[in-house]
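Dear colleague,

Please find the structure below, handed over for your own work. My notes on what was found in it follow directly after.

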Amino acid sequence: MSTAPDPPLGLRTAMVVAGAATIAVYAVGAGAVWLLARFVWANRPDPLALAAAFIVATLASGYLTYRFGTGRTLVGLDAREVPRRRAPTVHRIVDALAGGMDVARPRVFVARLGEPNALALGGPTPALVIDYSLFRLLSAAELEGVLAHELAHIEGRDGLVQTLGHSVVHTAVGLVALALAPVAAVAGGFARGVALVRGTPDRWHRTLPGRLHVGLARTLTLLLIALTLLLRAYSRRREHAADDRAVEVTGRPLALASALRRIDSASRSPFPFAPLYRRGRDGEEQPLVRLLSTHPPMDERIERLRRRAEREGALGRSPDRGVDDLRPIRPDRAGDGWTRVPIEKR
């Protein structure tokens, strides 16, 4: 087995000198970090006061993001508000749903979201954003189920909880990263210096300080993943809860199931915002993908709705149709303005 030739003496000497200088610089840095740590520890604030300040600042940041984020999101989506005269059926559905739920009456917008979808935005004035394609894809009963699902998210303040959760996660991970950064930097510097002295600069991560540096980075990554998984698990539970609440309000589990099936069949690409569903039929069977998904698999949601319809005796007597019947059922559009939504060219 051949080995790499030793570098020339001059280059080897330069590497040793550079490595020693690197170690010296980081040794001074390590001493400074140690003195700073002792100073901070000696003058540390009351732990309870510090924890309270952290919690208040984090929650305030998350709440402000939630409260004032709706307008920015609508602008980013280029959403257009729909007046009642352009879509009276949609407004009647929203009026009825809002009257039967503990939510403020939301404004109704349309946008080109890239695929069939609907989006609920909370805040002082809630908003429903509907993709243009849903008006040709769904019947009135199916659209009612979709909008009831979205209003259930607003009623349950799911957006606020998710925003606060993300704020807590980012702040917590940021604080841990800030605490570990000096140690990681010193370890990385020592690792590179030692590797230079040994003449193997590309193997710095195999040295003892290099392993410490890599271990700290992995610890931070694992912490972020673990907290993210908790948020995603909560999000999946809330999707099921929103489905259940929508059925309670509308009394039509099969209409919502049919809408989900139709939307899933018409979807072509992932949607970047918090959508009604998470597509990925192949990936949904992979455990890691399922753990990281914000939504349960579509088939699982549809099956839950079907079972609920069976328990409640809806099959066979409900005006809903089966989820596998994808033939369109359209309302009478001639007089209700269903098709007069302002679909403009962009």
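Throughout, a residue is called buried under 20% relative accessible area, exposed over 50%, and partly exposed in between, with a 1.4 Å probe and protein chains only. This is a predicted model, in which local features need pLDDT of at least 70 and side-chain atom pairs count only at pLDDT 80 or more, while totals for chains, interfaces and linings use all residues. Residues are numbered from 1 along each chain as its sequence is written, and side-chain values use heavy atoms, with hydrogens and water left out.

Overall composition

The protein has 11 helices and 4 strands; these are DSSP runs (H or I of at least four residues for helices, E of at least two for strands), numbered from the N terminus. Of its 346 residues, 38% count as buried. The protein exposes about 19,000 Å², of which carbon and sulfur atoms supply 62%; accessible areas come from the Shrake-Rupley method with a 1.4 Å probe, and for residues only the protein chains shown count as cover. A contact means heavy atoms within 4.5 Å. Among contacts between residues at least 6 apart in sequence, 72% join residues at least 24 apart.

Helices

Helix α8 covers residues 253–266. The expected span of a helix is 1.5 Å times one less than its number of residues. For the 14 residues of α8 this should give 20 Å, and the end C-alpha atoms are 20 Å apart, which agrees. Because 11 of those 14 residues are buried, α8 is largely enclosed by the rest of the structure. Among the buried residues are P253, L254, L256, L260 and I263, and also the charged positions R262 and D264. Their cover includes α4 (134–137), α5 (140–155), α7 (208–250) and α10 (298–311).

I225 lies in helix α7 and is partly exposed, with a relative accessible area of 41%. The C-alpha atoms of I225 and L292 are separated by 9.0 Å, although the two residues are 67 apart along the chain.

Helix α1 (residues 9–42) contains V40, which counts as partly exposed at 48% relative accessibility. Together with L36 and F39, V40 forms a nonpolar patch on the surface, with about 320 Å² of accessible area in total. Patches are made of residues with over 30% relative accessible area and no salt bridge; like charges are joined within 9 Å, and nonpolar side chains (Val, Leu, Ile, Met, Phe, Trp, Tyr) within 5 Å.

The sheet

The 4 strands form an open sheet in the order β1-β2-β4-β3, with mixed pairing. Its edge strands are β1 (80–81) and β3 (118–121), each pairing on one side only. Two strands pair if DSSP finds at least two bridges between them. β1 pairs with strand β2 (residues 107–111) in the antiparallel sense over 2 bridges, and V110 in β2 is the bridge partner of R80.

At the other edge, β3 and strand β4 (residues 127–131) run antiparallel and are joined by 4 bridges. L119 has V129 in β4 as its bridge partner. Both faces of β3 are covered: A118 and A120 on one side, and L119 and L121 on the other, are all buried. The hairpin of β3 and β4 has 5 residues between the strands, and G123 takes a positive phi near 110° there.

Salt bridges

A salt bridge is a side-chain nitrogen of Lys or Arg within 4 Å of a carboxyl oxygen of Asp or Glu. By this rule the count comes to 17. R80 reappears here: R80 forms a salt bridge with D78, the closest N and O atoms being 3.4 Å apart. D78 is partly exposed at 35%, and R80 is partly exposed at 26%.

E155 and R245 meet in a salt bridge of 2.7 Å, N to O. E155 lies in helix α5 and R245 in helix α7, so the pair ties together parts that are 90 residues apart in sequence. The relative accessibility of E155 is 22% and that of R245 is 23%.

R238 forms a salt bridge with D158, with the closest N and O atoms 2.7 Å apart. This pair links R238 in helix α7 to D158 in helix α6 (residues 158–198), 80 residues away. R238 is partly exposed at 25%, whereas D158 is buried at 5%. Finally, salt bridges that share partners join D244, R304, R308 and E312 into one network.

With kind regards
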